[in-house]
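This report describes selected features of one protein model. The sequence and the structure are shown first, and the description follows.

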Amino acid sequence: EEEDDEEGEEETTVRGKAAPAAEEQQGKVKYSRLAKYFFNKEGDFNKLTAAAYHKTTHLLVTGFASGVFHLHELPEFNLIHSLSVSDQRIASIAVNGSGDWVAFGCSGLGQLLVWEWQSESYVLKQQGHFNSMVALAYSPDGQYLATGGDDGKVKVWNTLSGFCFITFTEHSSGVTGVTFTATGYVIVTSSMDGTVRAFDLHRYRNFRTFTSPRPTQFSCVAVDCSGEVVSAGAQDSFEVFIWSMQTGRLLDVLSGHEGPISSLCFNPVKSVLASASWDRTVRLWDMADSWRTTETLGLTSDALAVTFRPDGAELAVATLNSQITFWDPENAVQTGCIEGRHDLKTGRKELDKITAKHSAKGKAFTTVCYSADGQSVLAGGMSKFVCIYHVKEQILRKKFEISCNLSLDAMEEFLNRRKMTEFGNLALIDQDAGVEDGVAVPLPGVKKGDMSSRHFKPEIRVTSLRFSPTGRCWAATTSEGLLVYSLDAQTLFDPFELDTGVTPVRIRAALRQQDYTRAILMAFRLNERKLLQEALESVPWDEVAVVSSSLPEPYVEKVLEFLASSFEVSCHLEFYLLWTQKLLLVHGQKLKARAGKVLPAVQFLQKSIQRHLDDVSRLCDWNRYNIQYALAVSKQRGLKRPSEPPGSDDEADASDDDTLHLLGARHGDGDGDGHLV
């Protein structure tokens, strides 16, 4: 009571408001609402789904469920502009540091848009497949990837940038097969709409459409090594159709299978076509022998995929009982078999009545392909795992888990017991349409407010696998999208035939003594990138031919691989091109003799050089435009050569000197004295 009295006396004596101490003010923030604005007009309700604010420019970007976005300037809330980027909801928005570019993500269609709001133009526009991808193919040089999806679209991706640069939409139903011709400038696709189409990558157009006499659904497509013969397998008539690429005419119809054709593959070396079917056979058709069946390989189960080894000497077949069998196509003899059921390790779906162990009996590898060197085989199917097997040893080398996304079905081996109640599985109860962990399937024609929207979880699976011709990466089309796996180039220490006499000190000593060949050989045995670069770049350019000719055969392939990887990062382009030219001139015949082994390295080299060629050609195109512009201006001004008399008739011709003079004038070089170059 005494304390209370004292406090009361103190309170009566205080006049005014005491300021709180500085320590008390730290870490405390007070917010107050300055203004409140409404986006939607009366009767035009539109749900706000994403927003971003740029503090420096006071720019507020808002995205809505209808695909419309607004740009407002704060604090006055002035509308700068309002546009629609999609017909699906905008899921996320981001603004770059300067506030000039605004990025929008639309999850419904897989769209990514970067918008420059001041000039009102697109900086970047990318869109994935609306439905799952089902087919995949690498270009012969490994620069491009073509994918086909259930949405009927064919997309071509750049493997370096990861961007899609062209989309073909001519198919009216799902694409089932995609392949490149040997030149790499033509893509051939098959579809459920009953057509096989050929697309030109020079002009970006559909220049050939192949059809069958009676409408049929095509399940797979293959093109021979010359690019002149196109084949496609029918799903309902059990036939293989053969067309000519040049004329577009149907050449032959191959019958004999008693079930749907699941896969086709041409021998890379000979004119032999392998067709796999659900009738438990693989048939080999010889083009040189009027498409007669040379061999019929009997299998123990339905064939799902067939592929030839890059050298054409072996055939791999994936069957419905989870086996991969290997065959000698010349003698029709089985050379090996891999049992892959235990490696698939399928998960249990939410609505499955049986365990994952029992459901695995119905799962299998649905796609299979060889590595670039032919020593390994890559297999994937109705599982979240992709397996790499060693063909000769028939053992599992490595297993890749392609996803950890639990919003996909069949990801877990055991069901979540918390969802099992006395009334049954909670997964059977469809939650409301706002749940984000599934794909919405609205009723046809319903625009908004669909009370009968239902959800399902996409099942994890690998639909197609392809190894890059360069041998350094492989790609997979899965429920998650297009995945590309590449070799880890940052290996710390991977020596080759190393002994105690090979040290960095001895390598540098050999370089000082100008014994370049010995230094390069020791550097490759030690296999450290910096030492390799130092040894190769120490060789004078006029001695490259001599050193190239003195390299032993096993090291030539290693030098080519190193050069191919160096083209991507080094500025010594001409020097490395000189090395490449001399190596191929001297050792070309020997390399050709073992083309199967060396081919991945050569294609990796070709890919690196082609990229530089494309960059330089773009630059040359720009320079050509400048020169054409200068010539056009010179014709308008009536410039003549200095040596010509004043009355010459040849006014249309402007000399190179005049062209340079004009170009120099355009760039502020009025005297045209060649400083332009």
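## Basis of the description

Two strands are taken to pair if DSSP finds at least two bridges between them. The model is predicted, and the description below moves from strands and sheets to a loop contact and then to the helices.

## The sheet β9 to β12

Four strands form an open sheet in the order β9-β10-β11-β12, and their pairing is antiparallel. At the edges are β9 (133-138) and β12 (164-168), each of which pairs on one side only. Direction ignored, neighbouring strands of this sheet are turned by 20° against each other on average.

Within the sheet, strand β10 (residues 144-149) and strand β11 (residues 154-158) run antiparallel and are joined by five bridges. T147 stands opposite K155 in β11.

A record bears on this region. The UniProt annotation "repeat: WD", from an unreviewed entry, covers residues 126-158, 168-209 and 254-295. In the model, the span 126-158 is 58% strand and 0% helix. The C-alpha atoms at the ends of this span lie 12 Å apart.

## A loop contact at V269

V269 lies in the loop that runs between β21 (261-266) and β22 (272-277). Because its relative accessibility is 53%, V269 counts as exposed, the cut-off being over 50%.

Not counting residues up to four places away in sequence, V269 touches D311 and G312. V269 and G312 are 43 residues apart in sequence, and their C-alpha atoms are 5.7 Å apart in space.

## The sheet β29 to β32

A further open sheet has four strands in the order β29-β30-β31-β32, with antiparallel pairing. Its edges are β29 (365-370) and β32 (395-401); each has a single partner strand, so one side of each is left without a neighbour in the sheet. Neighbouring strands are turned by 20° against each other on average, direction ignored.

The strands β29 and β30 (residues 376-381) run antiparallel, with five bridges joining them. F365 stands opposite G381 in β30.

## Helix α6 and its surroundings

Helix α6 comprises residues 516-526, and 10 of its 11 residues are buried, so the helix is largely enclosed by the rest of the structure. The buried residues are Y516, T517, A519, I520, L521, M522, A523, F524, R525 and L526; buried here means under 20% relative accessible area.

These buried residues pack against five helices: α5 (504-512), α7 (529-537), α8 (544-549), α9 (553-567) and α10 (573-593). After α6 comes N527, whose phi is positive, near 60°.

## The nonpolar core

Which residues have the most contacts inside the largest nonpolar core? They are I520, L551, W579 and L583, in a core of 36 residues. Each of the helices α5, α6, α7, α8, α9, α10 and α11 (595-637) supplies at least two residues of this core. Domain 2 (487-539) and domain 3 (540-631) both give residues to the core, so the core lies between them.

I520 thus belongs both to the buried residues of α6 and to the residues with the most contacts inside the core. For L583, leaving aside neighbours within four places in sequence, the residues in contact are S548, L551, V556, V559, L560, L563 and G588. Among them, L551 is itself one of the residues with the most contacts inside the core.

Note on methods. Residues are numbered from 1 along each chain as its sequence is written. This is a predicted model: local features need pLDDT of at least 70, side-chain atom pairs count only at pLDDT 80 or more; totals for chains, interfaces and linings use all residues. Side-chain values use heavy atoms; hydrogens and water are left out. Buried means under 20% relative accessible area, exposed over 50%, partly exposed in between (1.4 Å probe, protein chains only). Contact means heavy atoms within 4.5 Å. Axes are lines fitted to C-alpha atoms, for helices over the stretch in contact, and angles run from 0 to 180 degrees between N-to-C directions. A nonpolar core is a set of buried Ala, Val, Leu, Ile, Met, Phe, Trp, Tyr and Cys residues joined through side-chain atoms within 4.5 Å. Domain bounds come from an automatic or database domain assignment. UniProt positions are given in the numbering used here, feature names are shortened, and annotations may be inferred rather than shown by experiment.
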